[in-house]
Amino acid sequence: MKKTVIPLVVIMLLSASCQKQKEHTAPAINPQDSVAVMTSYGVNTLISDSGVIKYRIVTERWEVNQIRQPSRWIFDKGLFLEQFDQKFHVQSYIQADTAYYYDQQRLWELRGRVRILTKDGLRFSSEQLYWDEMKHELYSHVFSHLITPERQLQGSYFRSDEKMTKYYVSNSKGSFERGDMQSDNDTLLSAPDSTKLKLRPQASPQPRNTSIPIMH
């Protein structure tokens, strides 16, 4: 019996050793957060909101990515955005070197040479700006500069309504005309004293500077 069993064991071991070895490899990694639903180049298009044309977007590259969290539109080659009223008249424009639109939150994040011109002639410049469409407000946590036909303001924090008719700037300094200190359009200047103390130190008047920066 031993003579019969031993050869069988040897054959089984040899056959097992001759079998092709299988490689245990994991599937290739595919970073899903880099997959865009749409990527367009040389864009010049109109955008509607609730059936009404409100914006015109001009950009070199527009990426729509719904896989990233949160989902977003990406404008990494610059953005020029015009806003229209219901009669299709241009109300204002915004431009920036880079922009992100978080579509589910309806929030814009603008970065790098942010420039705004409103229908009232207000000019805004900063390196960062957020536009919350849900709350209808704009805000920035970095140095910002505002120029209106009557005054100039600059400071490290900016907040405004969507139309930029009511705004305030904290840690600010600026120049004013004599009658501007009680303007109803400026939330900061017309706020109670207790509110002013919370928002910023009192601004010191400076000589008026009439130069206007060039909008790029």
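In which strand is Leu129 placed? In this predicted model, Leu129 belongs to strand E8, which runs over residues 123-132, and this residue makes a convenient starting point for a walk through the chain. Leu129 has a relative accessible area of 0% and therefore counts as buried, the cut-off for that word being under 20%. Leaving aside residues up to four places away in sequence, Leu129 touches Trp108, Glu109, Leu110, Val114, Ile116, Phe124, Leu138, Tyr139, Ser140 and Phe158. A further relation concerns Ala99, which lies 30 residues from Leu129 along the chain, while the C-alpha atoms of the two are separated by 9.5 Å.

From this one residue we may step back to the whole chain, whose secondary structure comes to 3 helices and 14 strands. Of its 216 residues, 39% count as buried, and Leu129, with a relative accessible area of 0%, is one of the buried residues. When contacts with a separation of 6 or more are considered, residues 24 or more positions apart account for 37% of them. The chain exposes about 14100 Å², and carbon and sulfur atoms supply 54% of that area.

Tyr139, already met as a residue that Leu129 touches, leads on to Tyr167, since the C-alpha atoms of Tyr139 and Tyr167 are separated by 9.4 Å with their positions 28 residues apart along the chain. Tyr167 lies in strand E13, residues 167-170, and at 4% relative accessibility it counts as buried. The side chain of Tyr167 is joined to that of Arg151 by a polar contact of 3.1 Å. Tyr167 is also touched by Thr148, which, apart from residues up to four places away in sequence, touches Gly121 and Leu122 as well. Thr148 has its place in the loop between strand E10 (144-147) and strand E11 (152-155). Is this loop residue buried or exposed? At 10% relative accessibility Thr148 counts as buried, because the value falls under 20%.

Another loop residue, Asp76, lies between E3 and E4, and with a relative accessible area of 33% it is partly exposed, because that value lies between the 20% and 50% limits. Not counting residues up to four places away in sequence, Asp76 touches Arg61, Asp97 and Thr98. With Arg61 there is a polar contact from side chain to side chain at 3.1 Å. As for Asp97, which is 21 residues from Asp76 along the chain, the C-alpha atoms of the two are separated by 7.2 Å.

The backbone deserves attention at several places, for which a general expectation serves as background: most residues other than glycine have a negative phi, and most peptide bonds are trans. The peptide bond from Gln69 to Pro70 is cis, with omega near -5 degrees, and Pro70 lies in the loop between strand E2 (52-65) and strand E3 (72-75). Phe88, which is not a glycine, has a positive phi near 70 degrees, and its position is in the loop between strand E4 (79-84) and strand E5 (90-96). Arg113, likewise not a glycine, has a positive phi of about 50 degrees, but Arg113 is found within a strand, E7, which covers residues 107-117. How accessible are these two residues? Phe88 counts as partly exposed at 43% relative accessibility, and Arg113 is partly exposed with a relative accessible area of 43%.

The last stop is the space left open by the fold. The largest pocket has a volume of about 470 Å³, and the elements that give two or more residues to its lining are E2, E4 and E5. In total 23 residues line this pocket, and those that lie nearest its centre are Gln83, Gln91, Trp131, Glu162 and Lys163. By class the lining is mixed, with 8 nonpolar, 6 polar and 9 charged residues. Two of the lining elements have already been named in connection with the backbone, since the loop that holds Phe88 runs between strand E4 and strand E5; strand E2, for its part, precedes the loop that holds Pro70.

Definitions and conventions. Residues are numbered from 1 along each chain as its sequence is written. This is a predicted model: local features need pLDDT of at least 70, side-chain atom pairs count only at pLDDT 80 or more; totals for chains, interfaces and linings use all residues. Side-chain values use heavy atoms; hydrogens and water are left out. Helices (H or I, at least four residues) and strands (E, at least two) are DSSP runs, numbered from the N terminus. Buried means under 20% relative accessible area, exposed over 50%, partly exposed in between (1.4 Å probe, protein chains only). Contact means heavy atoms within 4.5 Å. Accessible areas come from the Shrake-Rupley method with a 1.4 Å probe; for residues, only the protein chains shown count as cover. A polar contact is a pair of N or O atoms within 3.5 Å; within protein, one must be able to donate a hydrogen and the other to accept it, and residues adjacent in sequence count only if both atoms are side-chain atoms. On a 1 Å grid over the protein atoms alone, a cavity is a set of points where a 1.4 Å probe fits but cannot get out, and a pocket is an open set with protein on both sides within 12 Å along at least five of seven lines; lining residues have an atom within 4 Å of a point. Grid points are joined across faces, edges and corners, and a volume is the space filled by probe spheres set on the points. Ala, Val, Leu, Ile, Met, Phe, Trp, Tyr, Cys and Pro count as nonpolar, Asp, Glu, Lys and Arg as charged, and the others, Gly among them, as polar.
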